Amino acid sequence: MSELNLYSRNFFDLDGKVIIVTGGNTGLGQAYAVAFAESGADLFISTHDDNWETTRELIEAKGRKVHFFQIDLTAEGAADAVVKECLDVYGKIDVLVNNAGTIRRAPLLEYKDEDWRAVMDINLNASYYLSHAVAKVMAEQKSGKIINVASMLAFQGGKFVPPYTASKHAVAGITKAFANELGALNIQVNAIAPGYIKTANTAPIREDEVRNKEILDRIPAGHWAEPHELMGAIVFLASRASDYVNGHILAVDGGWLVR
């Protein structure tokens, strides 16, 4: 068979895969989970609350299974608890998406220490501990994918969000560090870096006419992204199509970084 004939649309199928999505019951996490279900995967969703009925309906409408696990990912032993629960339910873990995160805004000179710790705990520490625990399972399987969620602020400084910026730079760093050591075990570790997306979290910025214009003027695509515009990229990183992509930070930003 020639190399040209090795290509298949099936490279993007996720049939039978088990995917953990942290914070997958709302926002972009929910959109990621539904996109995975559409591609054939079963979902394990960790969440800090029990508001998951809409997400359940969306996933089950695709004919896929979903299991919700309510947990504080910053708590002692949370990573091991997530891994154990997922293995008890599904028996394997094919993909981990470290989506759970938070942001707290304030001018630098007024920033509170407790806000720094809260943001770093969920955005960075929880991602590290869960990735570390899941990597051990994937190493035994000799396969797996870990997808971290970075940001435009993995490349830039931003304003009023010092721990968010620091955490997203660090997410990019641990993505590369994990990739270096896990690649030989057939585990790919990458990150998606969303640009400016229409979500509840960005509503205050979009409602600020001056700031909204500043952002739109810089985006070559000329518009804020709808959540569905990230879904092709996240499915790619979870699928066989990305088997030779490792340690990469994939910006989905409408061209923001190139201007």
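**Exercises on two pockets**

In this predicted model, α4 gives the most to the lining of the second largest pocket, namely 8 residues. The exercises below start from that pocket and then turn to the largest one.

**Exercise 1.** Describe the second largest pocket by its volume, its lining residues and the elements that supply them.

*Solution.* Begin with the volume, which is about 300 Å³. Next, take the lining, which consists of 16 residues, with Ala 75, Gly 77, Ala 78, Ala 79 and Tyr 129 lying nearest the centre of the pocket. Then assign the lining to elements: α3 (78-90) and α4 are those that give two or more residues, and α4, with 8 residues, gives the most. Finally, sort the lining of this second largest pocket by class, which yields 8 nonpolar, 4 polar and 4 charged residues.

**Exercise 2.** Carry out the corresponding steps for the largest pocket, from its volume to the classes of its lining residues.

*Solution.* The volume of the largest pocket is about 1,500 Å³. Its lining comprises 46 residues, and those closest to the centre are Thr 102, Ile 103, Arg 105, Tyr 164 and Asn 201. As for the elements, at least two lining residues each come from α1 (27-38), β2 (42-47), α4 (113-141), α5 (162-182) and α6 (203-207), while the largest share, 3 residues, is supplied by α1. Sorting the lining of the largest pocket by class gives 20 nonpolar, 20 polar and 6 charged residues.

**Exercise 3.** Which element supplies the largest share of the lining of the largest pocket, and which gives the most to that of the second largest pocket?

*Solution.* For the largest pocket the element is α1, with 3 residues, whereas for the second largest pocket it is α4, with 8 residues.

Conventions
Residues numbered from 1 in each chain as written. Predicted model: local features only at pLDDT ≥ 70, side-chain atom pairs only at ≥ 80, totals over all residues. Heavy atoms only, no water. 1 Å grid on protein atoms, 1.4 Å probe; cavity = no way out; pocket = protein on both sides within 12 Å on 5 of 7 lines; lining within 4 Å. Points joined across faces, edges and corners; volume = space filled by probe spheres on them. Helix = DSSP H or I, 4+ residues; strand = E, 2+ residues; numbered from the N terminus. Nonpolar A, V, L, I, M, F, W, Y, C, P; charged D, E, K, R; others polar.
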